[in-house]
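Subject: Structure handover

Hello,

Here is the structure I promised to pass on. Please open it beside this email and follow along.

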Amino acid sequence: MAKEIQDEEKVTEESGAEQKEETGQQKTEEPAEEPATEQSREQPAEPEKEAGAETTEQKPDKKKKKGDKKTEALQTRIEELEDRVKRQMAEFDNFRKRTDKEKSAMFETGARSVIEKILPVVDNFERGLASVPEDEAGKPFADGMSMIYKQLTDELDKMEVKPIEAVGCEFNPELHNAVMQVESDEYETGIVAQELQKGYTYRGTVVRHSMVAVVQ
C-alpha cells in the first residue's frame, strides 16, 4: 500500500510538473505572438495617416479655388462699375457741352434781338445830328446829343457790333441790299455809290444789311 501511495504521489507530481511545463511554454509562446499583433495594428494605421494628410492637403486647394472665383467675380464687377462710371461721365460731359452751346446760342439770339431794336435809335440820332444847323452846333443841346450818340456807339462797339463799309466798296449781296441803281462819274459799275441806311454786323454775322445804291 505504501508503494502504491508513493507511486500515485509520483504520478501527481509528474502531472503537475507537466502542467507547469505546458503553462510555461504557453507563457513563453504568448510574447512571440504580441509583436505580430502590434505590426498588424500599426500597418493599417499608416495608410489612414496618409489619407488624412491627403485630405488636409486637398482642403487648401479647394479654398484657393473658391478664393480665386470670388476675386474674379469682384474684378469683373469692378470693371463693370468703372465702365458705367466712364459712360456716365462722358454723357455728363456731352450734356454740359450741349447746354453751354444752347446757352450761348440763346444769348446770341437775345443779343441780336436787342441790337436790332437799338439800331433804329442810332439811326435817329444820326439823322438828328445831321439836321443840326451850323449855328447851333456848339450849343449845349447839340453837344448833349453828340455825347449820347458817342456813348451809345461805344457800347455797341464793346459788344462787337461793327458798321458795314458800303460807299466805295464793291457790291456784296451778303452785306449789302441794293434798292436802286444810279449813274456816277466817280465810281465804276458795280460799286456802291450811296448808303441809304447803315448796316451792322455782330461778331462777324450780319445783323442788318446796308441799304445802298449801286452804280449801273
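Below is what was found, topic by topic. One caution before the details: this is a predicted model.

**The open sheet**

Three strands form an open sheet. Their order is β1-β4-β5, and the pairing is antiparallel. The edges are β1, residues 161-163, and β5, residues 205-208. Each edge strand pairs on one side only. On average, neighbouring strands here are turned by 35° against each other, direction ignored.

Look at β1 and β4 in particular. Strand β4 covers residues 200-202. Three bridges join β4 to β1, and the two run antiparallel. Within that pairing, V161 stands opposite Y202 of β4. As background, strands of a sheet pair through backbone hydrogen bonds, either parallel or antiparallel.

**The nonpolar core**

Which residues make up the largest nonpolar core? There are eleven of them: A111, I115, L119, V122, F125, Y149, L156, V161, Y200, Y202 and V207. V161 and Y202 therefore turn up twice in this email: they stand opposite each other across the strands, and both belong to the core under the rule that joins buried residues through side-chain atoms within 4.5 Å.

Where do the core residues come from? Helix α1 (2-130), helix α2 (140-158) and strand β4 each supply at least two. The most come from α1, which gives five residues. In soluble globular proteins, nonpolar side chains tend to be buried together.

**Salt bridges**

The count comes to 13 salt bridges. Side chains of opposite charge can pair when their charged atoms come close. Here are some to look up.

- E80 and R77: the closest N and O atoms are 3.6 Å apart. Both residues lie in helix α1, three residues apart, about one turn of the helix. E80 has a relative accessible area of 46%, so it is partly exposed. R77 is at 43%, so it also counts as partly exposed.
- K198 and E126: their side chains meet at 3.3 Å, N to O. This pair links distant parts of the chain, 72 residues apart. K198 sits in the loop between β3 (192-197) and β4, while E126 is in helix α1. K198 is partly exposed, with a relative accessible area of 25%. E126 is partly exposed too, at 23%.
- K150 and D154: the closest N and O atoms are 3.2 Å apart. Both are in helix α2, four residues apart, about one turn of the helix. D154 counts as partly exposed at 35% relative accessibility.
- D93, R96, K97 and D100: these four are linked in a network of salt bridges.

**Strand β6 and its partners**

Next, go to β6, residues 210-215. This strand is mostly covered: five of its six residues are buried.

Strand β6 pairs with β2, residues 176-182, in the parallel sense over six bridges. N177 has M211 of β6 as its bridge partner. Strand β6 also pairs with β3, this time in the antiparallel sense over four bridges. There, E195 stands opposite V212 of β6.

Is S210, in strand β6, buried or exposed? Its relative accessible area is 0%, and the cut-off for buried is under 20%, so S210 is buried. Leave aside the neighbours within four places in sequence, and S210 is in contact with I164, A166, L175, H176, N177, E195, Q197, K198 and G199. Two names in that list have come up already: N177 as the bridge partner of M211, and K198 as the salt-bridge partner of E126.

**Q181, for contrast**

Q181 is found in strand β2. Its relative accessibility is 58%, and exposed begins over 50%, so Q181 counts as exposed. Setting aside neighbours within four places in sequence, Q181 is in contact with V214 and Q216. Q181 and V215 are 34 residues apart in sequence, yet 5.5 Å apart in space, C-alpha to C-alpha.

**Where to start**

Try V161 opposite Y202, then the K198 and E126 salt bridge, then buried S210. Those stops take you through the topics above.

Best wishes

Technical notes: Residues are numbered from 1 along each chain as its sequence is written. This is a predicted model: local features need pLDDT of at least 70, side-chain atom pairs count only at pLDDT 80 or more; totals for chains, interfaces and linings use all residues. Side-chain values use heavy atoms; hydrogens and water are left out. Two strands pair if DSSP finds at least two bridges between them. Axes are lines fitted to C-alpha atoms, for helices over the stretch in contact, and angles run from 0 to 180 degrees between N-to-C directions. Buried means under 20% relative accessible area, exposed over 50%, partly exposed in between (1.4 Å probe, protein chains only). Contact means heavy atoms within 4.5 Å.
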